[in-house]
Amino acid sequence: MKLYNTLNRTIEEFKPYNPTEVKVYVCGVTPYSSTHVGHALSYVVFDVLRRYLEYSGFNVHHVQNFTDVDDKIIIKAKEEGISENELTERYIQDFFATMDALNVLRATKYPRATQEIPDIIETINTLIESGHAYPAGADVFFRVKESINYGELSNRSTEDMISGSRIEIDPNKENPIDFALWKGSKEGEPSWDSPWGPGRPGWHIECTTMSTKYLGDQLDIHGGGMDLVFPHHENEIAQSEAYTSKQPFSKIWMHNGLLQFGQDKMSKSIGNLVSVEEALTKHQPDALRLYLLSSHYRSPLNYSDEGCEAVARSLQRLRVALEPSAANGTILDASAYKTKFLNHMSNDLDTPQSIAVMFDLAREINRAKESSMEVAEAQNELKTMGNILGITFSLPETAILSNVAPFIDLLLEIRQDLRQANQYDLADKIRNTLQDLNINIEDTSTGPKWQ
RNA sequence: GGCGACGUAGCCAAGUGGUCUAAGGCGGAGGUCUGCAAAACCUCUAUUCGGCGGUUCGAAUCCGCCCGUCGCCUCCA
């Protein structure tokens, strides 16, 4: 399998350290607001990576963190008059509910920063002892100039960063580009005891501690959104390699393009968010998922309801192709489609091309059905492809209560009688009226069907 | 100011040196089927890939310049 590696900006052959297992660490959310469609894009992409690796026979260890201590969390909790813990717990549950709805498989482990404090302190201690970090006042900073490769991931020089006027100068820092490993607490902030006084971990250090603790010193794949490349992942590399004395921290760095909404990226700071919950009131999970995968994961995708609706219509074509057929003639061979599908998946997760293959196969199945070929096997291949992408093909939820079904069946029976009697005006009236109620009638060779 | 990405049909979106007179989807047009529909199937819907130059036997694909859009450099998937 080939994957694009942000570290060297090339597509390279992926070979995990262990030929049978893959260690993946994906940066998770800061749980202080509802999970939005941009998050969904990222986690759906890494879910597809995981599903494809598992399909390819790898045992995948997938760790994803929750950054459950941070300035925004503290502010939001104060605003709502609840504890930080209560706030993060609420949005962690929201995250899980959302991911379940989108058929995202659960990671192997979801560590939370606040539950790893002793280990984080231990990591910081090690870094101080080796001269990579220094306490200053109530804080501890990472000494960036000790890291030779600093800037490699984000392709920028330390000089550029220093000259950038946007870096705030902290008098406690030896160097403006040094970053905090431990932040001394101010009044009213959550804090933990440490050798440097009460405080909390900086943003980046938790990932070093958790990834080395749960996956080992070196990862196969580290993932996240493109907005994390700098400073978060750059700092993570510096810390982790200093901590373990091993390079590289991660073989491959994968970054998904950011979801756009209108002219801007969808983001908490801009406030142009569409929560997944809101999106799912208008679109089925399968449609949203397929939509998120319809452009390449490294490209930005502009979210729109119209786009989702178009995908939902196309999804119906796939479902129709999967409807069972009684024909049992020559067996349709779908192996060529499967090979193509897998080749595209192997090429840096080219899901748009893979999806195109699914539509080609669906057409082939429908064609085969018309000539009474046996398609069950081909249909299974199509389902397998869907499964790799996490598409369930399940029917959209209908508002129809099961106890009205007999009445609809009765209406259709009457309509059949009317059709037999050539009373088409009345038959069409039934069909049109049901259509207005969002019940679609199809007259097939085996009788009428409704949905 | 520094770093990076992108600009392909009405819309979404692949393809990154020859098989591209450019995949797939949505939308649209015509047809087959049907009492009529629906669904499905068939045909058509970019001789062209932001613009201008260059490299090459050959470029949407490489290089340069220009125009436009966006991201990162501050919390962010």
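The largest cavity of this predicted model is lined by Y43, F46, D47, H62, Q64, F95, M99, V104, L105, A107 and Y110. A cavity here is a set of points, on a 1 Å grid over the protein atoms alone, where a 1.4 Å probe fits but cannot get out, and lining residues have an atom within 4 Å of a point. Helix α1 gives the most to this lining, with three residues; β4 (59–64) and α3 (84–101) also chip in two or more. (Helices are DSSP runs of H or I, at least four residues, and strands are E runs of at least two, numbered from the N terminus.) About 60 Å³ of space lies inside, a volume being the space filled by probe spheres set on the points.

Helix α1 (residues 37–55) turns up again in the largest nonpolar core, giving the most to it with eleven residues. That core has 76 residues, with I221 and Y303 making the most contacts inside it. Such a core is a set of buried (under 20% relative accessible area, 1.4 Å probe, protein chains only) Ala, Val, Leu, Ile, Met, Phe, Trp, Tyr and Cys residues joined through side-chain atoms within 4.5 Å. Domain 1 (2–265) and domain 2 (304–389) both supply residues, so the core lies between them; the domain bounds come from an automatic or database assignment. A second, separate core of 19 residues includes Y150, M161, W182 and W196.

As for bookkeeping, residues are numbered from 1 along each chain as its sequence is written. Local features need pLDDT of at least 70, side-chain atom pairs count only at pLDDT 80 or more, and side-chain values use heavy atoms, without hydrogens or water.

Key: Chains lettered and ligands numbered in written order. Buried < 20%, exposed > 50% of the residue type's maximum accessible area, 1.4 Å probe, protein only. 1 Å grid on protein atoms, 1.4 Å probe; cavity = no way out; pocket = protein on both sides within 12 Å on 5 of 7 lines; lining within 4 Å.
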